[in-house]
Amino acid sequence: MATDASNFRTEANVFETDLAGITVRAKAHSLSAWFVLALRLMMGYAFLHSGWSKLTAPEPFDAAGYLTNVTAASPLAGLFHWMGQTPWFVEFVNLAVPWGEFLVGLGLLVGALTRLAAFFGAFMMLLFYFGNWEVQHGLVNGDFAYMLVFLAVAAFGAGRILGLDALIETYETGGETLVERYPRLRYVLG
C-alpha cells in the first residue's frame, strides 16, 4: 500500500525524505541536537588543531612523501603517485591541506557555512581513505567513519545548533531573509 507523503503530520524532531519513490520517516530523540552539536564541535576541533599544527610547524608541510608512498593496494595508487610526482600539484596540496583543515575546523567550530565546511571535510576524508587504504578488516576504517560524520553534520544542519548559520540564515536584506533571497545558500549554510 503506497502512502501519500502529504498525509504525514509535521512534528518537532521528525525527519522525512523521499528517494526513488520510497519515503523514510523517523522521529529523533530530543537529545539528538546535543549529539549533532558534539559531532560538529569534535570534528571542528580535530580539523582546526590539525590544520593549525601544520601551519605553525617549524618545518613547512610537505605532502610529496605521503602522496608518492601510498600503498600499492589502493585503487587510486597511480593517481596519488602522479600527484606526488607533479611539482605544481604538490605545491597546491601543500597549501590546500593545512589551510583546508584549518578553515573546515573553524567553520565547524563557529557553525558558519557548516554544510560547505562539512562537504570539504568529507572530501578530504575520502581522499585520506584512499590514500591510507587498508581493508584487511573490511572497507570501513576510521577515515571512512569520519567522512560519514562530516556528512551527518551537513545533513542535520548542525550549524543551526548554537552556530552562526542560524543567524546568517535569518539576516534580512531588502525585506527578505538571505535564504529567501538566495535559496542556494541553503546548500552551504545549516
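Glu-176 touches Tyr-171 and Arg-181 when residues up to four places away in sequence are not counted. This residue belongs to a predicted model, in which Glu-176 has its place in strand β4, spanning residues 176-177. A second glutamate, Glu-101, lies in helix α4, which covers residues 87-110. Helix α4 also gives the most to the lining of the largest pocket.

**Two glutamates**

- Glu-176 has a relative accessibility of 32%; it counts as partly exposed because this value falls between the limits of 20% for buried and 50% for exposed residues.
- Glu-101 has a relative accessible area of 4%, and it is therefore classed as buried, the limit being under 20%.
- A polar atom of the side chain of Glu-101 lies 3.4 Å from the backbone nitrogen of Gly-51.
- Gly-51 is also among the contacts of Glu-101 when neighbours within four places in sequence are left aside.
- The other residues in contact with Glu-101 on that basis are Phe-47, Leu-48, Ser-50, Lys-54, Ala-96, Met-124 and Phe-128.

**The largest pocket**

- The largest pocket holds about 540 Å³ of space.
- This pocket is lined by 23 residues, and those closest to its centre are Val-93, Val-97, Met-124, Leu-127 and Phe-128.
- Met-124 and Phe-128, named here beside the pocket centre, also appear among the contacts of Glu-101.
- At least two lining residues come from each of the helices α1 (32-56), α2 (64-68), α3 (77-85), α4 and α5 (114-131).
- Helix α4, where Glu-101 is located, supplies 8 residues to the lining of the largest pocket.
- By residue class, the lining of the largest pocket comprises 19 nonpolar, 2 polar and 2 charged residues.

**The second largest pocket**

- About 230 Å³ of space is found in the second largest pocket.
- The lining of the second largest pocket consists of 14 residues, with Phe-15, Ala-33, Val-36, Phe-156 and Ile-161 closest to the centre.
- Helix α1 provides the largest share of the lining of the second largest pocket, namely 3 residues.
- Helix α1 is also one of the helices that supply at least two residues to the lining of the largest pocket.
- In the second largest pocket, the lining residues divide into 7 nonpolar, 5 polar and 2 charged.

Conventions
Residues are numbered from 1 along each chain as its sequence is written. This is a predicted model: local features need pLDDT of at least 70, side-chain atom pairs count only at pLDDT 80 or more; totals for chains, interfaces and linings use all residues. Side-chain values use heavy atoms; hydrogens and water are left out. Helices (H or I, at least four residues) and strands (E, at least two) are DSSP runs, numbered from the N terminus. Buried means under 20% relative accessible area, exposed over 50%, partly exposed in between (1.4 Å probe, protein chains only). A polar contact is a pair of N or O atoms within 3.5 Å; within protein, one must be able to donate a hydrogen and the other to accept it, and residues adjacent in sequence count only if both atoms are side-chain atoms. Contact means heavy atoms within 4.5 Å. On a 1 Å grid over the protein atoms alone, a cavity is a set of points where a 1.4 Å probe fits but cannot get out, and a pocket is an open set with protein on both sides within 12 Å along at least five of seven lines; lining residues have an atom within 4 Å of a point. Grid points are joined across faces, edges and corners, and a volume is the space filled by probe spheres set on the points. Ala, Val, Leu, Ile, Met, Phe, Trp, Tyr, Cys and Pro count as nonpolar, Asp, Glu, Lys and Arg as charged, and the others, Gly among them, as polar.
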